[in-house]
Amino acid sequence: FADQAARLGARVAYAGCVGRDAFGDAIVARLERDGVDVARIRRVGRPTGTAFVAYRDDGSRSFVFTLSTSAAAC
């Protein structure tokens, strides 16, 4: 949401934690590129939290989260 609001011209800052990994690098780079103030994003020694969604033919979904041991838990 922060990224899209910034792309629409809103003044946006994001505060949170990401890991010192490729996912964290990608998140911070995208937010910064799109105009979000990333000064309050903290890089920590845990992996960046991820969520994956699998869509089935019948329209149902299954989710895999890696949040409890990630930077999102900081």
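The lining of the largest pocket divides into 11 nonpolar, four polar and two charged residues. The structure described here is a predicted model, and this pocket is a convenient place from which to begin a tour of it.

## The largest pocket

The largest pocket has a volume of about 360 Å³. Of the 17 residues that line the largest pocket, Tyr14, Cys17, Val18, Ile27 and Leu31 are the closest to its centre. At least two lining residues are supplied by each of three elements, namely α1, β1 (13–19) and α2 (22–33), and the largest share of the lining, four residues, comes from β1.

## The nonpolar core

In soluble globular proteins, nonpolar side chains tend to be buried together. Which residues make up the largest nonpolar core here? The largest nonpolar core has 10 residues, and these are Ala2, Ala5, Ala6, Val12, Val18, Val28, Leu31, Val36, Val38 and Ile41. The elements α1, α2 and β2 (37–44) each supply at least two residues of this core, while α1, with three residues, gives the most to this core. Val18 and Leu31 are thus named twice in this report, as members of the core and among the residues closest to the centre of the largest pocket.

Val36, itself a residue of the core, deserves a separate look. Leaving aside neighbours within four places in sequence, Val36 is in contact with Ala2, Asp3, Ala6, Val12, Ala13, Tyr14 and Leu31. Among these partners, Ala2, Ala6, Val12 and Leu31 are also listed in the core, and Tyr14 is one of the residues closest to the centre of the largest pocket.

## Helix α1 and the loop after it

Asp3 is found in helix α1, which covers residues 2–7. Is Asp3 buried or exposed? Asp3 counts as buried because its relative accessibility is 8%, a value that falls under the 20% cut-off for that class. The side chain of Asp3 makes a polar contact of 3.3 Å with the side chain of Gln4, and when residues up to four places away in sequence are not counted, Asp3 touches Arg30, Leu31, Asp34 and Val36.

Gly9 lies in the loop between α1 and β1, and because its relative accessible area is 63%, a value over the 50% cut-off, Gly9 is classed as exposed. Gly9 and Val36 are 27 residues apart along the chain, and their C-alpha atoms are separated by 10.0 Å.

## The loop between β2 and β3

Both Arg46 and Pro47 are placed in the loop between β2 and β3, the latter strand covering residues 50–55. Leaving aside neighbours within four places in sequence, Arg46 is in contact with Gly19, Arg20, Asp21, Ser68, Thr69, Ser70, Ala71, Ala73 and Cys74. One of these partners, Ser70, has its backbone oxygen 3.2 Å from a polar atom of the side chain of Arg46. Pro47, on the same basis of not counting residues up to four places away, touches Gly19, Asp21, Thr69, Ser70 and Ala71.

Two separations help to place these residues. Arg46 and Cys17 are 29 residues apart in sequence and 9.4 Å apart in space, C-alpha to C-alpha, whereas Pro47 and Val36 are 11 residues apart in sequence and 22 Å apart in space, C-alpha to C-alpha.

## Strand β3 and the loop that follows

Thr50 has its place in strand β3 and is buried, with a relative accessible area of 11%. A polar contact of 2.5 Å joins the side chains of Thr50 and Thr66. Leaving aside neighbours within four places in sequence, Thr50 is in contact with Phe23, Val64, Phe65, Thr66 and Leu67.

Arg56 is found in the loop between β3 and β4 (61–66), and with residues up to four places away in sequence not counted, Arg56 touches Arg61 and Ser62.

## Accessibility of selected residues

The table gathers the accessibility of residues discussed above.

| Residue | Relative accessibility | Class |
|---|---|---|
| Asp3 | 8% | buried |
| Gly9 | 63% | exposed |
| Arg46 | 36% | partly exposed |
| Pro47 | 46% | partly exposed |
| Thr50 | 11% | buried |
| Arg56 | 47% | partly exposed |

Key. Residues numbered from 1 in each chain as written. Predicted model: local features only at pLDDT ≥ 70, side-chain atom pairs only at ≥ 80, totals over all residues. Heavy atoms only, no water. Buried < 20%, exposed > 50% of the residue type's maximum accessible area, 1.4 Å probe, protein only. Polar contact = N/O pair within 3.5 Å; in protein donor to acceptor, adjacent residues only side chain to side chain. Contact = heavy atoms within 4.5 Å. 1 Å grid on protein atoms, 1.4 Å probe; cavity = no way out; pocket = protein on both sides within 12 Å on 5 of 7 lines; lining within 4 Å. Points joined across faces, edges and corners; volume = space filled by probe spheres on them. Nonpolar A, V, L, I, M, F, W, Y, C, P; charged D, E, K, R; others polar. Core = buried A, V, L, I, M, F, W, Y, C linked by side-chain atoms within 4.5 Å.
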